[in-house]
Amino acid sequence: MRTIACASPFIPPEWIAAHGLQPKRLVPRTPDRTVQAHVSEGVCCFAEAFAADSERLDGAGIVFTTTCDPMRRSVEMTDAGARSFLFNVPATWQTVAAQQLFVAELRRLGGWLVRMGGTVPDAARLSAELRRWDAARAQARAARSAMSARTFAEALVELNDSGAFPAAWDRSAPAISAFPVALVGGPLLLDEFWLYDAIERAGARVALDASETGERGLAAPFDRRRLHDEPMDVLADAYFGRIPDAFRRPNTLLYEYLKSGFAERGVRGVVLIRRVWCDLWHAEAARVREWCGLPCIEVDLSGEGDVRQRSLTALQALVEAAK
Amino acid sequence: MTTRLTPLTLAQWDARYEELKRGGLSEPSYGGRLSRHLEDGDLRLPKLRYDPSVAALRLWNFLLSEEDRLAQARASGRKIVGAMKDLGTVPVMAYSLPNVTAFYPDGAWWIPCVMELSAGVFRAADACGLDESFCPVRAMLGAFVTQAHFPIPDLLTCSVGATCDDFSAIAQRLNGLGYPILWWEIPHRRAPDPGEKSVVLPGGFVASTAQVAFVRSELERVRRALEELAGVPLDDARLADGIRMANEARRRLAELRRCVYHSDPCPLPALEMLVAEMLIIHFCSDRGETLSVYADLLAEVEARRKAGVGLAEGAVRVFWVNPVADLQVMNLLEDCGGRLCGTEYLFCHAVDEIPEDVEPLDALARAALADPMVGSSADRAQRICRDAEAGRAEAVIVSRIPGASHCAYEGYAIREAVARQLGLPVIELEVPPVSDSMRPALRTRIEALMETARNRRAQ
């Protein structure tokens, strides 16, 4: 079964699975500079890593999205040719036309999936896949508070690949007394998950993982009443209509999400993750600081050099200052 | 027999101006000595060199008086539209309405250059969290914060989607500071899928009719907003008139480009051509006057061509990609023995004519989708190759805009296409808003390119 790799939370894996193909929400690793030359100055290391890692998946189809310039343009940096697909995720979201464009893109993706060897799903198969993945995400949400942030993030990687929330993970719950922070920003590379450990080592806990690879990237629960008759609209509502992100225009959904998440989880500090050359999250860093009024630190992940010690020191200072 | 054209310094232009006045020079209301703009803080002016014609004087005064023009528009009760990012479509719509002036606040990106960082717009942007890792268009945010450069528009529009992240992020920050923005979507222009109905856009790119229809629906939202602002309908008849006027300006610019870029010796310097091209995106806040400025430049260039007046003969023909953040670099090109033979300043879609044989909003949608920045870098590279070949280019310079998200990716595509299809030498140069400290390095690289190009002639 051919693998279809993507990085964006806006690409429904159930849509890929319903076409009889294997979805893989790829969380890449930092490029190994001993074997992979830097593409160019100014290239986002996450986009570069995704393009490289997905090309290494033998014969896989690769879905890029227009959610940021690096990803939009990275499709041209691969040799995947017809195995690559650029999905236009609209930046605007408040109009019917934007939602309809998203649905049209899902259908267009479907046409490409068939060309990749998939088959057009009938209503029953589509409905079954939607229910399966929706149920897995519901399990994930229910288990969140019982798991450490890192364990949860790794479980999401598993869920996004298999459609099943793993049962065999260590569900060690963090100490509730630890300083509650929100992790806010774009996606983490797989070998950047040390950040979760560093936060806990500093005496804090990730009360809200609002990174793209964390719970923020989960589609909203489906409206199961409409699942059978309006599956495309249900998908569009849960993904396009509800996943908050910095690139959306306006990006008010992000701040609504953060506001309710901060209140619900008792967040008292913010760890902002951003990358050199990620303008979208870089610009939001200042706004998040102003908006939340909480102690904030920025962790700058550029893919070069080891920032762990510096980050740990900053995190310890954050916790100390808040005491 | 040719006569060498000698650009003037600002001080030399003052002397010439006095001479012209004594000779009975007639000027528009915004005319005057160029050096008077120094009082507005335009400190870069003494470091530039200028074409000595009356047409160029008019061009510069027109450009440098835009802030006054916008202030007058506000004072006289005209509605002001700040169109952001699309570079060529929304102003065509806005100027179709009576009593509306449109401009691109994006143009504030030149404030740091022209005022040599004295305006404080970068400092204001820094204070909002937009540091120098962003494109110099962050000066636009600074201009809104300081409110010292243009009246705050009555309506702000911004195209988003297949647009550069810098601008999108900066505009969102502006929105976050309390400025309402009408966001409209421009999707990534993709190759039509097998069997999908398609249309050839102005300039030659191809798009699916579905994408054109979508952009048309977005421009319909913009139309409604403009109507509400102006208090009058923006019907198809008005739009068609607006398109006709825009096309007249585009035809004049196209003719100017053809006359200048395809002539030898070059009859108008690179700096004046850059400014002339920039006028087309929003007519420098006066559509009618833009037509007159172009007419004057055309007349001057025609006269020079007949008389054999121009820059150094035999200068290396350079195709220039992307506008420079520091205007002085266009003088530097000529100092190094080069001359322009063609350009792609991010808005070739504002230079191509808008179709007049289809329904107006459909025509504008096609024009918007023809933006070279909303499609692939490969598409843009093809357009560059085509135009460079038409201009008989001997070298290509890709001017990188510091911090601009697209520059990291498209340079490779452009270099590769130019090398493969045209076999021309290409360099990428990073040009900051004030390039004085980098001038030796820029000069070395441009001179090396010129030498490479001249050696290739000999082969």
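What share of the contacts in chain B with a separation of 6 or more comes from residues 24 or more positions apart? I looked this up before anything else, and the share is 75%. Note to self: this is a predicted model, and my entries below are read from it.

**Chain B, folding pattern.** I went through the secondary structure and found 17 helices and 12 strands in chain B.

**Chain B, overall size.** I checked the box around the C-alpha atoms, and along the principal axes it comes to roughly 55 × 55 × 45 Å. Then I wanted to know how the radius of gyration fits in. A compact globule of 459 residues would have a value near 23 Å, and chain B has 21 Å, so the two agree.

**Chain B, inside and outside.** I looked up how many of the 459 residues are buried, and the answer is 64%. Next I turned to the surface: chain B exposes about 15600 Å², and carbon and sulfur atoms supply 51% of that area.

**Chain B, charges.** I counted up the charged side chains and got 52 positive and 63 negative ones. I also checked where the two sets sit, and their centres lie 2 Å apart.

**Where A meets B.** I moved on to the two chains together. On the chain A side 41 residues are in contact with chain B, and on the chain B side there are 43. About 3200 Å² is buried between the chains, with 52% of it from carbon and sulfur atoms. Which three residues of chain A give the most here? I found A:Arg73, A:Arg249 and A:Asp279, which supply 20% of the area that chain A buries against chain B, more than any other three residues.

Conventions
Residues are numbered from 1 along each chain as its sequence is written. Chains are lettered from A and ligands numbered from 1 in the order in which they are written. This is a predicted model: local features need pLDDT of at least 70, side-chain atom pairs count only at pLDDT 80 or more; totals for chains, interfaces and linings use all residues. Side-chain values use heavy atoms; hydrogens and water are left out. Helices (H or I, at least four residues) and strands (E, at least two) are DSSP runs, numbered from the N terminus. The radius of gyration is taken over C-alpha atoms; the globule rule is 2.2 Å times the number of residues to the power 0.38. Buried means under 20% relative accessible area, exposed over 50%, partly exposed in between (1.4 Å probe, protein chains only). Contact means heavy atoms within 4.5 Å. Accessible areas come from the Shrake-Rupley method with a 1.4 Å probe; for residues, only the protein chains shown count as cover. Lys and Arg count as positive and Asp and Glu as negative; His and the chain ends are not counted. The place of a charge is taken as NZ of Lys, CZ of Arg, CG of Asp or CD of Glu. Buried area is the accessible area (1.4 Å probe) that two parts lose on being put together, summed over both.
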